[in-house]
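Please open the model in your viewer and keep the selection panel at hand. The tour moves from one selection to the next and says what is to be found at each stop.

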Amino acid sequence: MFLQKLNTLSVFALFSYLPLMAENNVASSVPNVPEFSITYEGDKLVCSPIELIKTKIQKDLVRYECQKAYATQVIEKDREEQRGHAETQRLKSDVKNKMSKGLVYSVEIPLNDADSPTRRKIIALRQLEKKPHGKYLRMLLPAKLYVSIRPQFTNSNDDGKLELTNGGSRGGFYYYYQFNEDLELMFQYEAGVDLNADTRFINASDASNTNRRLSYFALKYFDNSFIAGKYWSAYYDIAGFTDQFIAYGAQASGAFSSEPSGTGRADKMLQLRRENEIYNLTLQTQFRHDALNNWNTDYDFTLGGSIVYKGLEDFKLGAAINFGRFDEITPQMQSDGIVGDDFSSIIGLTYKKDRFGVSTVLSYTQNHVSDDQGIYFNGVGAELYMQYDIDESIRIAGGGNWLFTEDDEYKGKYSVNDLILSFQYTFGERTFDDMVYVELSLPNGKFSDGEKKDASIAIGLRFLLDY
């Protein structure tokens, strides 16, 4: 027992020390030598020192990154780890920044020559002309490759012990191409990364046997986007307001209660989005597809829509609905509490200014959410998320999830009544893609049999690798 606890504490200590160790190594390895400029293939490049390379022959080298001196339309990277459609917008901004900055080159110059304006330019140009493979691979396509590693320790409700789990690790590929000023093409594939899972990262022959999270094509013309495939739903445009906690939350909005209904990440979906400075409007449909397997029925179709109003300073407010028509209500569905078609509705409000932000949603669902035994009921849910940045590295967050039945036919005692607290420390570029965190869930709700739920804690790391 003692050794298990010691190992747990040792791994968490390593998680906490990694960002500090990385920052210290990078800072100490950058040599104190000046930047310089050169002209290559018609572009003026600025070469900045990034690393000192120690060699055995006592001829140390300085590695430089060289890129365009004047990048156009560079967009500042958002500090938030975005969710839903906002995540797509951020990926597009990252790719546009890469294209604007142009190709990035790597050259290595002897430390003794780094202070000589003439010698360093000659050496750099010689390497660029002889080593085209020195261009960074990440700039060969208008695309972005990324992997987010997310190990975490959580305690199970069975024995309360901390166990190392996968906290939602994922990887993906995002491609962007602009035909002209008015027409843009986008493609994204993203899948969960879990080495212990039986399902594959990519399996083209059987889309159900895969960790696939997103896979879609999109065309944007002026303010209008047409999206086909598996993508964030219109309903999630609002539910995502409060789906901001790291390990807990998103229990009361109904977004992830039934994947085939299209309220979370909608599969086999067609979507039309219109976005401008005042509002975002989304319309969505799914054609005939399977409902839950054990029900032996299909959705004839699903329809969804959302609107987000952004005309107020620091505020956003919105509403969404989603409707799914079943082919038939089978006896198995009736025994599970399904008495009609699938309906979900939600309204939300978010406010963010300076270091403080608060978001809330209120939902009402029919034949959509279920208890811990898989019995469905009509429910009213609410979620609250608040955050405050103490400084650029430290954030505290808190809020809660509440879900209660509004169904006279439901005989269980299930409810969600959770308070959630979160402490987050971000490192690296301080964008909250890289962080260590501690998050606590304090439930006061009940399982369907009336038993009270136990408190839970999650301690973890997030580290983003992207190119």
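**A salt bridge between two loops**

Begin by selecting R430 and E392, whose side chains meet in a salt bridge with an N to O distance of 3.7 Å. As you look, bear in mind that this is a predicted model. The two residues come from distant parts of the chain, 38 residues apart: R430 sits in the loop between strand 21 (416–426) and strand 22 (435–443), and E392 in the loop between strand 19 (376–389) and strand 20 (394–405). R430 counts as partly exposed, because its relative accessibility is 23%.

Stay in the loop between strand 21 and strand 22 and select F432, which lies there as well. F432 has a positive phi of about 65° although it is not a glycine. In general, most residues other than glycine have a negative phi. Is F432 buried or exposed? With a relative accessible area of 1%, F432 is buried.

**A second positive phi**

Next, select D314, a residue other than glycine whose phi is also positive, near 75°. D314 belongs to the loop between strand 15 (298–309) and strand 16 (315–326), and at 31% relative accessibility D314 counts as partly exposed.

**Further salt bridges**

A search of the whole structure finds 20 salt bridges, and a few of them make useful stops. Select R288, D298, D300 and D327 together, and you will have one network, joined by salt bridges that share partners.

Then go to K144 and D94, which form a salt bridge with their closest N and O atoms 3.6 Å apart. This pair too links distant parts of the chain, since K144 is in strand 5 (residues 143–149) while D94 is in helix 2 (residues 85–101), 50 residues apart. Both partners, K144 and D94, are buried.

For another pair, select R63 and E51, where the side chains meet in a salt bridge of 2.8 Å from N to O. Here strand 3 (residues 61–68) contributes R63 and strand 2 (residues 43–53) contributes E51, with their positions 12 residues apart in the numbering. R63 is partly exposed, with a relative accessible area of 22%, and E51 is likewise partly exposed, at 30%.

**The disulfide**

Keep strand 2 and strand 3 in view and select C47 and C66, which form a disulfide with their sulfur atoms 2.1 Å apart. The structure holds one disulfide, and this one links C47 in strand 2 to C66 in strand 3, 19 residues apart. Which hand does the disulfide of C47 and C66 have? The torsion about its S-S bond is about 115°, so the disulfide is right-handed. Both cysteines, C47 and C66, are buried.

**The four-stranded sheet**

Now widen the selection to the open sheet of four strands, which has the order 1-2-3-4 and antiparallel pairing. Strand 1 (36–40) and strand 4 (105–110) stand at the edges, and each has a single partner strand, so one side of each is left without a neighbour in the sheet. On average, and ignoring direction, neighbouring strands of this sheet are turned by 40° against each other.

Focus on strand 3 and strand 4, which run antiparallel and are joined by six bridges; for one place to look, select E65, whose bridge partner in strand 4 is S106. Finally, add helix 3 (residues 117–130), which lies across strand 1, strand 2 and strand 4 and runs at about 40° to strand 1.

Key. Residues are numbered from 1 along each chain as its sequence is written. This is a predicted model: local features need pLDDT of at least 70, side-chain atom pairs count only at pLDDT 80 or more; totals for chains, interfaces and linings use all residues. Side-chain values use heavy atoms; hydrogens and water are left out. A salt bridge is a side-chain nitrogen of Lys or Arg within 4 Å of a carboxyl oxygen of Asp or Glu. Buried means under 20% relative accessible area, exposed over 50%, partly exposed in between (1.4 Å probe, protein chains only). A disulfide is a pair of cysteine sulfur atoms within 2.5 Å. Two strands pair if DSSP finds at least two bridges between them. Axes are lines fitted to C-alpha atoms, for helices over the stretch in contact, and angles run from 0 to 180 degrees between N-to-C directions. Contact means heavy atoms within 4.5 Å.
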